[in-house]
Amino acid sequence: MASLTKNYRTTLERIEKFISPLYFTDVNLYGRQYPYKTSLPTLLHFDSNGRIPFKEAMEIGNFTPTKVGSSFGPTWTTHWFKVRIDIPESWLGKEVHLRWNAGCESMIWTSDGIPLQGLSAQDRQSFIVCSNATLEDLRQTFYLEMACNTILGNGSPTMISPPDRKKYFTLDLADIACFDRQVYDLVMDFEVLHGIAKHLPKESIRCYDALYTANEMINIIQKADFSRESYASAKELSSKFLSQHNGESQHKIIAVGNCHIDCAWLWPYEETVRKCARSWSSAVQLMERYPNFRFACSQAQQFMWVKENYPALYEKVKYFVAKGQFIPVGGTWVEMDGNLPGGESFIRQFLYGQRFFQQEFCKRCKEFWLPDTFGYSAQIPQVMRLCGVERFLTTKLSWSLVNEFPHDNFLWEGIDGSTVLVHFPPGKSYTSTVSVKEIKEAVDKLQDKGRVSCSMMLYGHGDGGGGPTEDMLARIKRLTNIDGLPKVQHGTPDQFFSTIEENHINKLCKWSGELYLELHNGTYTTQAKMKFLNRQCEILLRDTELLHSVLLAACRDEDKKAYPELELERLWKIMLLNQFHDVLPGSSIEDVHREACFYYKEVVKGAAGLMDTAVRRLFGVPEGRGEEEELVLVNVLSWQRTELIRVPWYKDEISRRMWIEGVGKAMQNVSNEAGGGTLVPVVVVPMGYQLLRGLSAVKAPVFLEQKKDGSFFLKNQFLEAVINSEGCVSSLVLLECQKEAIASGCVGNKLVIFDDVPLYWDAWDVMDYHLETGRSAIKEIVEPLKITEQGPLRASLTLRVKIGVNSEMKQKISIDAVHPYLLFESTINWEENHKFLKVEFPVNVLSPQATYEIQFGNLQRPTHCNTSWDWAKYEVCGHKWVDLSEYDWGVSILNKSKYGHSVRGNKMYLSLLRSPKSPDAKADMGKHIITYAVMPHSKTFQQSGVIQQAYQLNYPLHIFPTSHLAKPGASHYVTNAHRVLPLEMHESLSWFQVTDSAVVIETVKKAEDRDDCLVVRMYESFGSRVNVVLKSCLPIQKALLCNALEDVVESPTHK
């Protein structure tokens, strides 16, 4: 007779041990799921070393016998196995599984090359050979492709450590077994009952009902020695409990399967291609057996990989997309970083992603899906709306260390007032397993109780893929409507968002500005080379598209096909892939960053080649240098600009070739070490070209002298500066208002080094306490500050110093006759360990907010620590400039490839280099070229041209040699290898310009689906409202307003 008194703890643990996969498996229920097993009669092995397709493995594979207990490796190698199974006739009518565990990832294939399912030690160790064995099933052959890496790479000793490249994997399990589904169903019932008993409040009756029900089920089974009859009796008890339903008001959880797969992280890109196949084939296999199962999948790049490498699997994916079970989401090419890419890159992520989904599945994604990224730009809502997407899902903000975000459902407002609906699954994860604990916590942690009655749960193994398992689906079946817990049902993101829009949206709160992640802020700086190359590629692709667009508009109809649309799209997609949220931020292993550098350089080379083609067709090609050669200057920015350029001629030749306007200085010799030739000032028309036939003399040349105390005094028409012996700026005066920019008793351009040891996430995090360790980075002056250029157009100083423990820097400090800033160009050989290098400018400005450039605009952030929300932003992301201003005066820092910033009080910091050791032990080691400038200004940063100067620093004039192109009154022709193109040439010509200085023309490109149409993308950069006129000399017939996906949204305006 059962005891009337039960101890909660012992009873709960009794249930746990009865279904434990670790304890007492010889006598518990879990161990009876496979009552019969038999070894494989044939197990053959082939070491292919590299990743090769199935067909190639079959053609070249030399399969030899192997056995369980053998080891295979090392890391990143591939091994193929031929497996023959012989099912005993006594198993006819039984469910038979192939079991496999080598501690790493594998894919099972049919003998004719159809991928069936992924296998891994962590989440999936068996494959259903047959559900009801027949005579035809008894003899079968399969192939297994083993990848010598775990689902999360091979880091050692920790997950995020650099990979152990000598790791081997032992085949511990390879057999077939008869699966007892009746036992499995009971195990899942016990699991749910145990979860309810453990996680519901002990004060609740339901908790003890579950405890006593499970306990009695064990008694029934054990008393009958695990007989079939006892299983049925126990099932009756569990079914009675699980059939007790909830009331109508219970919270509803929409369960959406997913398998977040990082395009690269602790494994290289190539392995991700196989991860997609392993995960998606497993999901498809579940869809065939569970018609209610819904699986959301993002990233068009991954769909493309599967399409190209696994066509049979891709056809299944398309079939289940059509059925509504396999759900494309996100709309972007990859799940990119949310801070670092430029605005146009954000647009292209959606443009190419949505076009892919439209072409492949005849539908666009309705929601932006970015569960795992390191912060969210305040510009994202506007970009989403421009791309026709009004819903956003993410989970990562729950990782913030300091402040808990106050909402799970809210309206997010961008810098222009655009709003989108946002959902953070309250389970704070995209890798839920649908356990009772997670279900309960999803409601307990819900931030919007009373505002919403439903939420979403993303379940499935992720990061390294894997996806949902049968256990998860079994839990959902039991938790659909059970008293004491929220209702759980299969569903889609569209169903969830539609419910919120229809029933709850008017109750939601609004959040304005960025969604700042209070963690992973070191990724603004880590792997500086990634950031440098990314910005270089963004600029080069933009400029290349502009030139080809002009050529397209100017050429004859039959020549319009010459626009390199496919090649430009290919290059864009390569760069967009590298903007994945673990690649561009710098948080991947060394292999990934090496490959990403290769890809970036491919983009640079490809775009440069396309630009060369456009230049040749636009401006002609000189046949060698000589008297007929001229230079054409191309300005890709939409305003007139004055610059200094270096030409290959010297004074006499320049005087012969060019006129000089005005009285003053127009030339400066360039040393042979700097390339030779002559430095000259030029003024170039907006977004167009100009033949270099004249110079405008500079009335106020620069001045440089060494003072008695060893410091140097520099001056141009805008500034006066004093540089001390360590290259620091001890004084910087804006002549227009005679205001000192450097705070009293301080110096600017001070290199500061910090200890940089985070709590765990090495490449990701820079902790607040690093600020307590700052000190001068300069240890020794190797070459004292000296004059290298002395005017009249540019004056420069250089010095070489040792910094940190093992590093060295050579820095050039310049002032010139045409720019209102002091320029710093550094070459750093960086060899440090967990150190963080910044440059500091304490400025004579007091303001509670600093302004940072972001995509298509700017954002203000606090400079104080009044609240924990303010204090937590001790390291933030900005793009080309940051500004600290009072009412009529301020200081800006401009840069060419940096993103990490900090402004605290009056101290402005630009983050230069980090030196984490995980997951890439060589991160940031080696040579870096870093360029930044400090620009004091009067009035506002908008009125003083900070935005334009930052653009000009990043977008230099393009200078091309050409033949005599323009003669007054003449019509000219440009010849290429294919045909002669009529093109009237002028000494200067502006292709596009705008009538308001606040407006920036960001992009000019060919329309995606029309050869006779250009897309011109502009944005207002000041943060105001303007009426603007776009002017063009190109033969434009009409203008249409379109969104970022190039859908026409307004009727045409004719010329």
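**Exercise 1. Is Y769 buried, partly exposed or exposed, and what is its relative accessible area?**

Before we start: this is a predicted model, where local features need pLDDT of at least 70, side-chain atom pairs count only at pLDDT 80 or more, and totals for chains, interfaces and linings use all residues. Residues are numbered from 1 along each chain as its sequence is written, and side-chain values use heavy atoms, leaving out hydrogens and water.

*Solution.*
- Step 1: Recall the classes: buried is under 20% relative accessible area, exposed is over 50%, and partly exposed lies in between (1.4 Å probe, protein chains only).
- Step 2: Y769 has a relative accessible area of 32%, so Y769 is partly exposed.
- Step 3: Now find Y769 in the loop between β35 (750-755) and β36 (775-776). Strands are DSSP runs of E with at least two residues, numbered from the N terminus.

**Exercise 2. Describe the surroundings of strand β7 (residues 105-110).**

*Solution.*
- Step 1: Six of the six residues of β7 are buried, so the strand is largely enclosed by the rest of the structure.
- Step 2: Sort the side chains: E105, M107 and W109 point one way, while S106, I108 and T110 point the other.
- Step 3: Look for partners, remembering that two strands pair if DSSP finds at least two bridges between them. Antiparallel β10 (residues 139-147) is joined to β7 by six bridges, and β8 (residues 115-119) pairs with β7 over four, also antiparallel.
- Step 4: Zoom in on M107: E145 stands opposite in β10, and G118 is the bridge partner in β8.
- Step 5: Finish at the hairpin of β7 and β8, which has four residues between the strands. In this turn, G113 has a positive phi of about 90°.
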